[in-house]
Amino acid sequence: MASNPSITFPLREAEMPTHWYNLLADFPEPLPPPLHPGTREPVTPDLMMGLFPESLVAQEMSAERTIEIPAEVREVYALYRPTPLLRAVRLERALQTPAHIYYKYEGVSPAGSHKPNTAIPQAYYNKQTGTKRLATETGAGQWGSSLAFACSVFGLECNIYMVKVSYHQKPYRRLLMQTYGATVHASPSNQTEFGRRQLAENPDSNGSLGLAISEAIEDTMKHPGTKYALGSVLNHVCLHQSIIGEETIKQMALAGEEPDVIFGCAGGGSNFAGLAFPFVRQKIKHGSKCRIVAVEPSSCPSLTQGELRYDFGDMAETTPLMMMHTLGHTFMPPSIHAGGLRYHGMAPMVSHCLKLGLIEAMAYPQMKVFQAALQFARAEGIVPAPESSHAIAAAIDEAVKCREEGRKRVIVIGLSGNGLLDLAAYDSFLSGHMHDTGKDD
Ligand SMILES: *Cc1c(COP(=O)(O)O)cnc(C)c1O
């Protein structure tokens, strides 16, 4: 070997992004607005202010291209940001590919994923406007633990509805939430009318994210001083996550390369949006040819199989109607191990990007994803979250294609989290009990 390539590209504090990026300002065609479920008219800010503080509602609808990150938020970000951009030279060697593979690693946050990037500002803006308590839902617990952490930082109470099957099967993230001081209920719960009705109809219900959202919204409406927080899908969440892509652009400049193709996993779409949107801006403004690919599970394929239409975000039909790729708000996804990717819809902004041809989408089955996860862990040392491993699987296929075609491409992977609290999923794969259907032996 002539020389060892650099593998880390550290940003100095002075180089840290000071603003989030809002793609809403640059869409060549406007995003269809959310609609009131009763009147089917575009929702007005006051309707949303029952659930969210005014500052977040303003961000949800903002046409400003950049929004300054408050100093108090940047101070908390500094606990784990900038997150590392690494070049996966060992994976490149293992694959014998001429491709250069980079990964942006969000697993260094306290909760182990990208989700604190939005939990922190959401807790901050709520605290600022006098909110005492936040209610939310969580699937496998990544969002719940991120919000619980953020609430502990800003001194808010945190009340979490956790999908029942995960509450029982995945105790560690529940314990993490409780460690940060949150209260956690298995959903469907007896805390809400909607939950009690579900329990009466089906006492053995495993719950779903759509159901837990309905409970958290009902809780918010019925408790004064309480607001609601959502960990994905909404415009302001995509906005906060843009810190990922803004850092990546600066770090790739330090690496002296530009991505030819970017892969991110997509559940509700927020980590993908966060990495992708600053690069989408470069496509719109400078005609960059970079391919940007969202990778989702074959068993919950909203982008590749779902319809683009207005649909509810929750099962009880309480949220505004959003124009998004959806499998239908009553869809019950199979119990695949990438719990964070089991959502029936996709962020309206990500759906709009696909419609405008600014991004592409692919779907991968669970077994291929875990094969890729193992290959990555054994080459790079980091155990990736099952969700993130969807992006890894697609990147490995791309790198193999580069080898076969004998051409170099620069690949960037969004590594949204680590899988250290998901080792039971690895157990299921390693012991041969896992299937693509989502039903383990
Ligand atoms: C929640 C989660 C996801 C999926 O959510 P998005 O909003 O699509 O980003 C992906 N990766 C990890 C590690 C997660 O915790």
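This is a short tour of one protein chain, moving from the whole fold to four places in its loops.

**The whole chain**

Begin with everything shown as a cartoon, and keep in mind that this is a predicted model. Colouring by secondary structure brings out 18 helices and 14 strands in the chain. The radius of gyration is 20 Å, close to the 22 Å that the globule rule gives for 441 residues, so the chain is as compact as a globular protein of that length. If you reduce the display to the C-alpha trace and turn it along its principal axes, the spans are about 65 × 50 × 40 Å.

**Inside and surface**

Next, colour by accessibility: of the 441 residues in the chain, 61% are buried. Among contacts with a separation of 6 or more, 74% are between residues 24 or more positions apart. Switching to a surface view, you are looking at about 17,000 Å² exposed by the chain, with carbon and sulfur atoms supplying 52% of that area. Selecting the charged side chains then gives 38 positive and 44 negative ones, and the centres of these two sets lie 4 Å apart.

**Two cis peptide bonds**

The remaining stops concern the backbone, where most residues other than glycine have a negative phi and most peptide bonds are trans. Select Arg 81 and Pro 82 first, since the peptide bond from Arg 81 to Pro 82 is cis, with omega near 0°. To find the place from the cartoon, follow helix H3 (71-77) towards strand S3 (85-87), as Pro 82 is in the loop between them.

Then move along to Ser 187 and Pro 188, where the peptide bond is again cis, here with omega near 10°. Pro 188 is found in the loop that runs between strand S7 (183-187) and helix H9 (193-201).

**Two positive phi values**

Now go back along the chain to Arg 40, a residue other than glycine whose phi is nevertheless positive, near 60°. Arg 40 has its place in the loop between strand S1 (19-21) and helix H1 (45-48).

The last selection is Glu 317, which is not a glycine either but has a positive phi of about 60°. Look for Glu 317 in the loop between strand S11 (307-312) and strand S12 (321-326). With the surface switched on once more, is Glu 317 buried, exposed or partly exposed? Its relative accessibility is 40%, and because partly exposed covers the range between under 20% for buried and over 50% for exposed, Glu 317 counts as partly exposed.

Technical notes
Residues numbered from 1 in each chain as written. Predicted model: local features only at pLDDT ≥ 70, side-chain atom pairs only at ≥ 80, totals over all residues. Heavy atoms only, no water. Helix = DSSP H or I, 4+ residues; strand = E, 2+ residues; numbered from the N terminus. Rg over C-alpha atoms; globule rule 2.2 N^0.38 Å. Buried < 20%, exposed > 50% of the residue type's maximum accessible area, 1.4 Å probe, protein only. Contact = heavy atoms within 4.5 Å. Areas by Shrake-Rupley, 256 points an atom, 1.4 Å probe, with all protein chains shown as cover. Lys, Arg positive; Asp, Glu negative; His and termini not counted. Charge placed at Lys NZ, Arg CZ, Asp CG, Glu CD.
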